[in-house]
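Here's a quick walk through one model, from a small sheet to the nonpolar cores. Have the sequence and the 3D view open as you read.

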Amino acid sequence: MRHNQYMVDIPEEIVEKRPNRRFIVPLVLLASGVMGIGFLFHWVKSPKPIQKIVFQGLVVLKPADLVEYLGVPSEGMNQEIKGWNEWEKKLNLHPRIKLARVNRDREGILIITLQEKVAEFVVHVGDMIYEVDKDKEILSENNVLADHLIVISGSFPITSNKIQGTQFSDLSSELHSGLESYPALKTRISEVSLEQDGDYMIYLKSPSHAKVFLGNKFDLYQIRKLYAALSFLESENIKVSTIDLRGEDAVYH
């Protein structure tokens, strides 16, 4: 059975009004993409205000001291913190900080990561006490934070935030080498003093308080003699008040 086929004429005005489906789907996708990008842009550009500070990498520095150094008012911790974008530069100028990085997250937390400089000795000059690192750079003045550091005393020149002079350079280098060779002395020596007459004196805190006379030389040989003398005294459980190492043999009193 054959069906009759008819051709229907569609007026031109109807054809013009009919939407072109080839363009509808791309337009919808484009609009959705624009809206999505808009929401994403809004999300990226709208982090929470900073209301909390977290310090990472602290060794001897305290959060309270750093907050004070950064100039954050005491009431600032309870409200939005401003001006933090300059903190990294300021922290990197702190005498005890080797490297600082400041980052914020989207939850309103400011993360401060620090690498502290390490104090090697305490240096006593006049009425001042300094912590210094291996480069002889001063880390603190009359504010010792590190524990169990040996004190070096003497009339050493100080310029450009460093302990200067060949006397201190030689003494600190020999002491550093001696402590590396005989680490047990770290817990026994309290102070190494360069006296006004040029002689060296060591003050012991263990196994008992005692003075050690070294004469006008301070080198690895003298440190070796001290280690041997202390080993003998401790093994024999002998307590003395002075040890004289100026001669070939140690003399005890």
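## A small sheet and two cores

In this predicted model, β2 and strand β3 (residues 109-116) run antiparallel to each other, joined over seven bridges. For one register point, look at Asn 103, whose bridge partner in β3 is Ile 111.

Zoom out a little and that pair belongs to an open sheet of three strands, ordered β1-β3-β2, where the pairing is mixed. Why do β1 and β2 each have one side without a neighbour in the sheet? Both stand at the edges with a single partner strand each, so there is nothing in the sheet on the other side. From one strand to the next, the twist averages 20°.

Now for the nonpolar cores. The largest has 34 residues, and Ile 202, Phe 218 and Ile 243 are the members that touch the most others. Several elements give two or more residues to this core, among them the ones below.

| Element | Residues |
|---|---|
| β4 | 121-125 |
| β5 | 128-132 |
| α5 | 166-181 |
| β10 | 189-194 |
| β11 | 200-204 |
| β12 | 210-215 |
| α6 | 220-235 |

Which of them gives the most to this core? That's α6, with five residues.

Phe 218 is worth clicking on. Leaving aside neighbours within four places in sequence, Phe 218 is in contact with Leu 171, Glu 174, Leu 175, Val 192, Tyr 200, Ile 202 and Ile 223.

There's also a second, separate core, this one of 17 residues, including Val 67, Leu 110, Ile 112 and Leu 114.

Definitions and conventions
Residues numbered from 1 in each chain as written. Predicted model: local features only at pLDDT ≥ 70, side-chain atom pairs only at ≥ 80, totals over all residues. Heavy atoms only, no water. Pairing = 2+ DSSP bridges. Helix = DSSP H or I, 4+ residues; strand = E, 2+ residues; numbered from the N terminus. Axes fitted to C-alpha atoms, helices over the stretch in contact; angles between N-to-C directions. Core = buried A, V, L, I, M, F, W, Y, C linked by side-chain atoms within 4.5 Å. Buried < 20%, exposed > 50% of the residue type's maximum accessible area, 1.4 Å probe, protein only. Contact = heavy atoms within 4.5 Å.
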